[in-house]
Amino acid sequence: MPPSTALPIIDLSPFLSPSSTPEQKRAAAAALNDACTTHGFFYLTAHGVPAELESRVLALARKFFLDTPAATKAAIQRLDPGAAGGDGARGYQRLGENVTQGASDHHEAIDFYRPVEAEEAVGGKGYGLLRGPNLWPDQPEGFRAAFEEYWKRLTQLGDAVMKAMAWALGYEGDEDVILRWTDQPFWVARVIGYPPLKGEGVSCGVHTDYGCTTFLLADDTPGSLQVLSKDGEWLDADMIKGCYVVNIGDMVSVMTNGLWQSTKHRVIHTGDRYRVSVPFFYEPNWDAVIKPLEKCVQKTGGAEKYGEVVYSAHLMGKVSGNFYSAATDGK
Ligand SMILES: O=C(O)CCC(=O)C(=O)O
Ligand SMILES: [Fe+2]
């Protein structure tokens with residue numbers, strides 16, 4: 001099999017349709033269990049998100065990066081917590097500003113998070129880490145409306161996938177067992193632009209995603225996203241039309257007591273066109289306290305391998321590392 005098709009294609013539509021039978025759900029959940037055990041990555045087909053909406057958000061993202069003036073980007077620059085308008089996380093990041101494992105990533109991006117109910121001002125100017133408003137660009141036209149609609153759809157999709165995961169882990173009789181941690185998901189959404197790499201460096205360094213489940217939509221640029229297989233081989237995860245590339249994050253490793261492991265991946269984009277991707281990270285609630293599920297503990301030898309994780313504390317630690325640890329590659 002060529003590497004780009006080595007990841008399985010999964011259909012979880014029985015969890016999206018009210019008329020599906022338990023047998024259909026069981027078959028879909030079994031395929032999901034297999035994919036999450038073997039790869040931690042899969043393609044999700046038949047997800048119901050309109051192709052027109054997907055094309056629109058990708059086109060708007062491309063327009064933002066390539067056709068808006070520098071001042072439009074500067075106006076929504078991510079700022080440190082407490083700096084006027086900043087919450088340290090939301091907003092535009094220049095090329096190289098994002099840091100993975102101490103090295104600058106060769107991409108630019110806007111980061112958005114679930115809006116907080118009450119923004120938390122600090123020092124009368126800015127906000128506490130992650131507790132400010134999203135920063136929206138004033139162009140291209142239609143950007144905010146399209147993305148808000150898109151993320152609403154993706155949140156619903158994420159809810160359904162959490163039910164499928166519950167079934168896959170043996171919780172057919174309690175399908176909300178994960179959803180109770182994620183019913184107000186503190187989602188993260190990135191809009192990323194990757195100019196081609198020239199020579200050394202990485203577009204996005206090796207990492208695992210830190211929350212629950214990532215739904216990646218990207219343009220059709222081949223040979224950019226790579227996934228580390230259990231055999232230590234880097235597999236290309238090119239987009240397949242009509243599918244998301246989905247992967248599980250660190251919080252799922254905790255929930256499943258390591259039965260399903262978050263998988264390392266990276267982006268190395270050496271092609272000659274500008275690549276755009278819009279990952280949506282479906283995450284636990286801000287104040288969720290994640291711990292291994294009892295049935296997963298039983299399946300993995302009976303001892304808990306992870307302690308409790310307060311999601312907000314975990315997230316704040318990760319976000320701080322993305323921006324505040326000095327790059328060590330001299331960029
Ligand atoms: O752009 C991509 O293909 C993946 C980006 C990614 O892994 C991330 O933002 O966590
Ligand atoms: Fe990632």
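**View 1. The iron site and its spacing along the chain.** Along the chain, the donors of the iron ion (ligand 2) are set out as H-x1-D-x55-H. Keep in mind that this is a predicted model. The protein donors themselves are H207 (through NE2), D209 (through OD) and H265 (through NE2). They sit 2.1 to 2.2 Å from the iron ion. Since water is not among the atoms, the site may look incomplete.

**View 2. The two histidines of the iron site.** Here we pick out two of the protein donors, H207 and H265. H207 belongs to strand β10 (residues 204–207) and H265 to strand β15 (residues 265–267), so the pair ties together parts that are 58 residues apart in sequence. H265 has 6% relative accessibility, so it counts as buried, the cut-off being under 20%.

**View 3. The largest pocket.** This one holds about 620 Å³ of space. It's lined by 38 residues, and the closest to the pocket centre are C204, H207, T208, D209 and Y210. Two of those names, H207 and D209, should ring a bell from the iron ion (ligand 2), where both are protein donors. Helix α8 (residues 311–324) supplies the largest share of the lining, with 5 residues. Sorted by class, the lining comes out as 17 nonpolar, 14 polar and 7 charged residues.

**View 4. The second largest pocket.** Next up is a pocket of about 380 Å³. Its lining takes in 14 residues, and E54, L58, L217, K241 and G242 are the closest to its centre. The class count for this lining reads 8 nonpolar, 2 polar and 4 charged.

**View 5. C243, a cysteine without a bonding partner.** If you're hunting for disulfides, the count for this structure is 0. As a reminder, a disulfide is a covalent bond between the sulfur atoms of two cysteines. For C243, the closest cysteine sulfur is in C36, and at 15 Å it is too far for a bond; the cut-off for a disulfide is 2.5 Å. C243 is also tucked away from the surface: its relative accessibility is 7%, so it counts as buried.

**View 6. C296, another cysteine in no disulfide.** What is the nearest cysteine sulfur to that of C296? It's the one in C36, 11 Å away, and C296 is in no disulfide. With a relative accessible area of 0%, C296 is buried.

Definitions and conventions
Residues are numbered from 1 along each chain as its sequence is written. Chains are lettered from A and ligands numbered from 1 in the order in which they are written. This is a predicted model: local features need pLDDT of at least 70, side-chain atom pairs count only at pLDDT 80 or more; totals for chains, interfaces and linings use all residues. Side-chain values use heavy atoms; hydrogens and water are left out. On a 1 Å grid over the protein atoms alone, a cavity is a set of points where a 1.4 Å probe fits but cannot get out, and a pocket is an open set with protein on both sides within 12 Å along at least five of seven lines; lining residues have an atom within 4 Å of a point. Grid points are joined across faces, edges and corners, and a volume is the space filled by probe spheres set on the points. Helices (H or I, at least four residues) and strands (E, at least two) are DSSP runs, numbered from the N terminus. Ala, Val, Leu, Ile, Met, Phe, Trp, Tyr, Cys and Pro count as nonpolar, Asp, Glu, Lys and Arg as charged, and the others, Gly among them, as polar. Donors are N, O and S atoms within 2.8 Å of the metal (3.2 Å for Na, K and Ca); water is not among the atoms, so sites may look incomplete. Buried means under 20% relative accessible area, exposed over 50%, partly exposed in between (1.4 Å probe, protein chains only).
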